[in-house]
Amino acid sequence: MNWDRLFEDLEGQLASEWEAERAALDAESERVRISQLALRTRLRAMSARRASIVIELANGRRMPVILRTVGADWLAAEISTALGALASRSMLVVPLRAIQSLGSDHGMLLSSLEEDADPPSILRERMTLGFVLRDLARRRVALHLTTTRGDDVHGTIDRAGADHLDLAVHDAGTARLASAVQSFRIVPFEALVAIRLAGDQRL
């Protein structure tokens with residue numbers, strides 16, 4: 001009997017079994033890791049890559065956007081609006097609970113599963129939708145609100161509470177002056193589907 005050949009065969013068999021066991025453990029570890037991934041984590045990975053995605057909102061509307069940033073319970077994305085031969089960019093803020101689905105290419109879908117190399121901004125992670133809306137109210141930013149009922153109104157947020165905001169409704173392109181305000185609305189945060197910042201306003 002060729003003992004050297006026998007031992008080599010045994011070593012090869014043992015190495016193969018160890019490799020198979022390690023691969024099985026790696027696969028199981030990866031399954032466990034993915035099972036613990038939150039939507040926000042994947043969105044954060046996409047926003048780091050400035051992903052082009054299509055958001056389907058709770059009111060059935062689909063919007064192609066470029067993902068910019070993710071907060072505690074919202075995301076901000078850039079949208080393009082065609083104006084004849086021209087195009088303008090504006091910012092869209094969407095509560096995460098208003099998202100029905102996200103369309104993406106397969107490569108971006110897979111890359112959003114990868115480990116996050118850069119730690120997220122702790123401050124941004126803690127910014128809630130209410131915090132963002134209060135900042136918009138403080139800066140008197142003109143915006144469009146879209147609600148779950150399908151309303152699309154333009155105005156300026158006068159104030160934002162814990163779970164609602166007060167909106168002064170006025171025409172687009174006009175300042176929030178007493179003479180320009182047509183009505184006032186109290187809108188619960190739960191009714192918000194999207195907030196589009198008018199013109200070149202940014203967060």
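This passage describes the predicted model of the protein chain, from its overall make-up to a few individual residues.

The protein chain has 203 residues, of which 35% count as buried. Its secondary structure consists of 5 helices and 10 strands. Contacts across the sequence are well represented: of those between residues at least 6 apart, 54% join residues at least 24 apart. The accessible surface amounts to about 12200 Å², and carbon and sulfur atoms account for 54% of that area.

A convenient place to begin is strand β1, residues 52-57, whose two faces can be told apart by their cover. Ile 53, Ile 55 and Leu 57 make up the covered face, whereas Ser 52, Val 54 and Glu 56 make up the uncovered one. Strand β1 pairs with β2 in the antiparallel sense, over 5 bridges. It is Glu 56, from the uncovered face of β1, that stands opposite Arg 62 in β2. The hairpin of β1 and β2 has 4 residues between the strands, and Gly 60 in this hairpin adopts a positive phi near 90°. Strand β1 also pairs with β5 (residues 99-103), again in the antiparallel sense, here over 4 bridges. In this second pairing, Ile 55, a member of the covered face of β1, has Leu 102 of β5 as its bridge partner.

Helix α2 spans residues 39-48, and its buried residues include Leu 43, Arg 44, Ala 45, Met 46 and Ser 47. Just after α2 comes Arg 50, with a positive phi of about 50°. Ser 47, buried in α2, is also one of the contacts of Thr 69. Thr 69 belongs to strand β2 and has a relative accessible area of 13%, so this threonine counts as buried. Beyond its neighbours within four places in sequence, Thr 69 also contacts Trp 74, Leu 75, Ala 76 and Arg 124.

The loop that follows β2 deserves a look of its own. Asp 73 sits between β2 (62-70) and β3 (74-83), and its relative accessibility of 33% is why this aspartate counts as partly exposed. Setting aside residues up to four places away in sequence, Asp 73 touches two groups of residues: Val 94, Pro 95 and Leu 96, and also Met 127, Thr 128 and Leu 129. With Met 127, the separation along the chain is 54 residues, while the C-alpha atoms of the two residues are 8.0 Å apart. For Leu 129, the backbone nitrogen lies 2.7 Å from a polar atom of the Asp 73 side chain.

A second aspartate, Asp 166, is part of strand β8, which runs over residues 164-169. Its relative accessible area is 16%, and Asp 166 is therefore classed as buried, whereas Asp 73 is partly exposed. The side chain of Asp 166 makes a polar contact of 2.7 Å with the side chain of Arg 159. Arg 159 appears among the contacts of Asp 166 together with Thr 156, Ile 157 and Asp 158, once neighbours within four places in sequence are left aside. Arg 185 and Ile 186 are in contact with Asp 166 as well.

Both aspartates thus offer a polar side-chain atom to a partner elsewhere in the chain: for Asp 73 the partner is the backbone nitrogen of Leu 129, and for Asp 166 the partner is the side chain of Arg 159.

Key. Residues numbered from 1 in each chain as written. Predicted model: local features only at pLDDT ≥ 70, side-chain atom pairs only at ≥ 80, totals over all residues. Heavy atoms only, no water. Buried < 20%, exposed > 50% of the residue type's maximum accessible area, 1.4 Å probe, protein only. Contact = heavy atoms within 4.5 Å. Areas by Shrake-Rupley, 256 points an atom, 1.4 Å probe, with all protein chains shown as cover. Polar contact = N/O pair within 3.5 Å; in protein donor to acceptor, adjacent residues only side chain to side chain. Pairing = 2+ DSSP bridges.
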